[in-house]
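Here is a short report on how the chains of one structure are arranged. Look at the structure first, then read on.

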Protein chains: 4
Amino acid sequence: MAQRLKTVLNEIAADLSDSHDWGKVADYIPELAAVPKEQFAIAVITKDGQCHSAGSAQVRFSAQSITKVFTLAIALGRSGDQLWQRVDREPSGDAFNSIVQLEQENGHPRNPFVNAGAIVTTDEVLAGRAPKDALAEILGFIRTAAEDDDIHINKSVAKSETEHGHRNFALAHFLASCGNLKNPPDMTLGTYFHHCAIELTVTQLAKAGRFLIGPGVGPKMVSPERVRRLNALMMTCGHYDGSGDFAYRVGLPAKSGVGGGILAIVPGQASIAVWSPGLDQNGNSKLGTEAMQRLAHAMNWSVF
Amino acid sequence: MAQRLKTVLNEIAADLSDSHDWGKVADYIPELAAVPKEQFAIAVITKDGQCHSAGSAQVRFSAQSITKVFTLAIALGRSGDQLWQRVDREPSGDAFNSIVQLEQENGHPRNPFVNAGAIVTTDEVLAGRAPKDALAEILGFIRTAAEDDDIHINKSVAKSETEHGHRNFALAHFLASCGNLKNPPDMTLGTYFHHCAIELTVTQLAKAGRFLIGPGVGPKMVSPERVRRLNALMMTCGHYDGSGDFAYRVGLPAKSGVGGGILAIVPGQASIAVWSPGLDQNGNSKLGTEAMQRLAHAMNWSVF
Amino acid sequence: MAQRLKTVLNEIAADLSDSHDWGKVADYIPELAAVPKEQFAIAVITKDGQCHSAGSAQVRFSAQSITKVFTLAIALGRSGDQLWQRVDREPSGDAFNSIVQLEQENGHPRNPFVNAGAIVTTDEVLAGRAPKDALAEILGFIRTAAEDDDIHINKSVAKSETEHGHRNFALAHFLASCGNLKNPPDMTLGTYFHHCAIELTVTQLAKAGRFLIGPGVGPKMVSPERVRRLNALMMTCGHYDGSGDFAYRVGLPAKSGVGGGILAIVPGQASIAVWSPGLDQNGNSKLGTEAMQRLAHAMNWSVF
Amino acid sequence: MAQRLKTVLNEIAADLSDSHDWGKVADYIPELAAVPKEQFAIAVITKDGQCHSAGSAQVRFSAQSITKVFTLAIALGRSGDQLWQRVDREPSGDAFNSIVQLEQENGHPRNPFVNAGAIVTTDEVLAGRAPKDALAEILGFIRTAAEDDDIHINKSVAKSETEHGHRNFALAHFLASCGNLKNPPDMTLGTYFHHCAIELTVTQLAKAGRFLIGPGVGPKMVSPERVRRLNALMMTCGHYDGSGDFAYRVGLPAKSGVGGGILAIVPGQASIAVWSPGLDQNGNSKLGTEAMQRLAHAMNWSVF
């Protein structure tokens, strides 16, 4: 399989580098808007620990919403099923930053991967601590999972998010007005913006995702039962309003970020990370999604 | 008419003082929650300048949303019809603090009397100045209109609004995220919370409303054309989601506030202010509305 | 005043006949789509019974939603305030044929002038009778009010509405699913489509509207109290999602129809009917609205 | 595995028969309301063709929405990806019979498993034919898949659906008003109501589901690629507004019906059918879901 995988990854990287339409980079903060869009990288770690990559696998990119997976794992570890008193686990049917649903459901976000839900999850992880302590836990979790301490927060990205994050401030204050925020909005959002600003390479991300492959692969971070549930949430909610389409086309649990990264899991088999900064209309990496579709098809990796 | 009016006002005040159901005082800030609800006052200024009142006409209450009328008058004076580029003038069909509509209409509030619209209006009045300068203009407008300088801002109410105003912070940040806020959210909201915290008596409020009766009554504050338009907006949007009901039952342009006050205008005839702090389910004064209905009926004062 | 009025009407008709933009005729049924849009007529009946008109005052047009006013008057006459158990009286904030609000409020339409509300009102008038009996009552009411028996239903318009009225069928079935329809959807809609297909001239319409001017003008059709309430509903809800704008610009209670007609009332003074088939983006007559604005301004006829 | 499976099924059936809360049977038509709720059946067909069952496996129940899976398979067979021009494939976030989303997205249903989407799918299968011909195709597909001709439509259920189906008529007419219905609403709905009224036992349903297990299991009905996609849609959208929860708790692609049945697929392993007529608040079988959760856990059958 290793040889086949290597060939497939190289073919995908080669084909996609000739793309005519690379999508559109996120432009709501200058740091993301400045990333050249014609970039692509992919890395796969198989259950036996082998790592294969193609493209710009050494370039760091902004993880953004992908960190919501790790934050959720930590929040569930701290609070267990009590977390579901504060956030639901249903696909949303609305855009990732929609506030409509939040009002209609009285401040109870639809799932932990829409922004409002991730703010609640972050709030649960913060739990009255100083933001730097919560951030140390989140960063520590990712470093341990990846077995790599060279993963960091880009502070200028975090600062820029704070300055341009009016929509997220609106969500946080709305949650607070519904009594669904335990810490002051500024503190929770500060923590949220900083963990979204974590930067890593596709290789680091694929390694950090190993614990979701299943028992016995990589460092044990959470229980096998919880691994399944994290994957279930990634499958139904991991691509915002494009989750159904991703499940249909790729058939793997995955989480995307507006930095252009996607982390996908082949249960029992592999952890895949892809990056290409141009996004489609749902805010998911355009070529990243295409690469995932091709890889899953070539390796027969759909869960279905 | 004066004698008839005096009799009617006394009857209304006497009857309502026996009410079994005084409604429910606003409880989102301690200052409003602490107001004893069994209070009632009414004042009428007729076009000839005579003032009649009944009940606790010397008690000051928090004007709250009623100040939106004066702020709108100032904003239209400063910006004219350009204001309508930022806010619409249609009834909302949603609650006064709804954010749903704001998302569906891309940050363009439905009218200047829902919270989001009044925040935009305040932002227009602020116009880059220090909040205290904008507040001086708003307070000055009301004092001039009432010909009474003994009208003030209750700073502890404004402070409390700031501390408990998460919903309004959500609205302001949402407006900012849509590019429909010119000043920083904190500054605009600070101004907004302070003008909502203006306190006055029903007599002072009725006097402040004289300029809306029509040409030649009280100090001239705005053009006759604008008087009509302010009244039109009060008629269609002045009672939030209960505007249709108020028009149906009372038939006068009016603006309510969660402090329990209502200002109503009988075009060409009179300015009426009523106060009773208990609210109905739409957030409008319960006994105040009843008093308006009885007064309009007894004096044959509907515009229809 | 009569001379002044005559002059004003002629000026308006002359000026508008030079319009560059006549709006866009309703095109959802062939009968309305075929009406040449460059037509205009206006008629005013003052309280003393004098009638003045200008433009094509002898041309019959499809009353459409304007008949909702008469149907509501009949329904209130039959059922009194019990009607408000089935329909609310608040402006909608949504389009005239929206089904969203109906679902969110469990089949209780916002007011009697949105389509869903008018279907309920028609259902109340139908009351288990044969549609032709209900239609005879509606047509009889209008003929009596206008003191003119030469007012008829255009059956090919009614038939065409039935064939193209999927949206209204959706509304009626939705109401039925919520238990808010007493008669079979087909029967209620048949009655609804037929009364909307009543045709009349502006002169006939202005005469039919006299009972809304107030006591002592034209045939007495309903109580003075009810006249006021009908006017209040026309003011807050008569122009669908453009009601606030009409109140702001014209300041009179009025009801529009997609046939291009508008009936407006100057309480205590006059009944006005205008017709021009081209519509604005809210589905209200473009030149009709302009004419109303000019007339109200010239005659100083705002209620505010 | 066979022995283990047998034991697990018997344990589940035994435990659930002692349930205190059997949920609430669908009551919108008399035929479903009359079904005694204290019933349970489960059947599993493994890839080697072995069939195991427990409980009332010989009792026929109304398939209801489960037939949407087969109708979708046929529609995709007839029209391929062109079907996605008429219906989307995203989870809805709204109730199964919601019309709100349909208006907000201009008559384009969110997925083929909400009612509006299944009406469109049925409309595509109907394709101008007589309803009986389309029904023959649908019934034929299910009989072939199950290798069992003793599967029938319950006509009194279909008739009752027609009489009480105002909400579905509303959806169909709304689709028609948006131009997204090719056949007359009555014909499409007639076909829809009849295929929903197909009755079968859990054993028959599990057999009918074998083609979704993957290549080489049971009769070949659709391509392997399409099998995966049908499973993906069942995973993200198969339980209406409870799809996320089912994925989280069970981790298998599945489709429920208000008759109390659920069909779930273990890709590459097995087809599972369960039935218990009492529903939870989302309209999915209460004990059926619990049985699926226990079975998947005991057999280690989650896809994640």
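No contact joins chain B and chain D. Their closest C-alpha atoms lie 10 Å apart. Chain A and chain C are likewise without a contact, and their closest C-alpha atoms lie 10 Å apart. All of this comes from a predicted model.

**Chain B against chain A**

Chain B does touch chain A. In that contact, 13 residues of chain B meet 13 residues of chain A. Which elements of chain B give two or more residues to this side? They are α4 (100-104) and α8 (166-177) of chain B. The largest share comes from α8(B), with eight residues. By class, the side of chain B that touches chain A holds six nonpolar, five polar and two charged residues.

**How the copies are related**

Two superpositions onto chain A are listed here.

| Chain laid on chain A | Turn | Shift along the axis | RMSD | C-alpha nearest the axis |
|---|---|---|---|---|
| Chain D | 180° | 0.0 Å | 0.0 Å | Gly93(D), 2.4 Å |
| Chain B | 180° | 0.0 Å | 0.0 Å | Ala170(B), 1.9 Å |

Take chain D first. A turn of 180° with a shift of 0.0 Å along the axis lays chain D on chain A. The two copies are thus related as by a two-fold rotation axis. In chain D, Gly93(D) has the C-alpha nearest that axis, 2.4 Å from it. Both copies use the same surface, as 100% of the contact residues of chain D recur in chain A.

Now chain B. A rotation of 180°, with 0.0 Å of shift along its axis, superposes chain B on chain A at an RMSD of 0.0 Å. Ala170(B) comes closest to this rotation axis among the residues of chain B, its C-alpha lying at 1.9 Å. Why do the copies meet through the same surface? Because 100% of the interface residues of chain B are also interface residues in chain A.

**Two helices inside chain C**

Two packed helices are described by the angle between their axes and the distance between the axes. In chain C, take helix α5 (residues 115-126) and helix α9 (residues 185-196). Their axes come within 9 Å and cross at roughly 105°. So α5(C) and α9(C) are roughly perpendicular to each other.

Which residues meet here? From α5(C) come Ala118(C), Ile119(C), Thr122(C), Asp123(C) and Leu126(C). From α9(C) come Met187(C), Thr188(C), Leu189(C), Thr191(C), Tyr192(C) and His195(C). The residues of this contact divide into six nonpolar, four polar and one charged.

Terms used:
Residues are numbered from 1 along each chain as its sequence is written. Chains are lettered from A and ligands numbered from 1 in the order in which they are written. This is a predicted model: local features need pLDDT of at least 70, side-chain atom pairs count only at pLDDT 80 or more; totals for chains, interfaces and linings use all residues. Two residues are in contact if their C-beta atoms, placed from the backbone, lie within 7 Å. Helices (H or I, at least four residues) and strands (E, at least two) are DSSP runs, numbered from the N terminus. Ala, Val, Leu, Ile, Met, Phe, Trp, Tyr, Cys and Pro count as nonpolar, Asp, Glu, Lys and Arg as charged, and the others, Gly among them, as polar. Axes are lines fitted to C-alpha atoms, for helices over the stretch in contact, and angles run from 0 to 180 degrees between N-to-C directions. Angles under 35 degrees count as roughly parallel, over 145 as roughly antiparallel, 65 to 115 as roughly perpendicular and the rest as oblique. Copies are superposed by least squares on the C-alpha atoms of residues with pLDDT of at least 70 in both.
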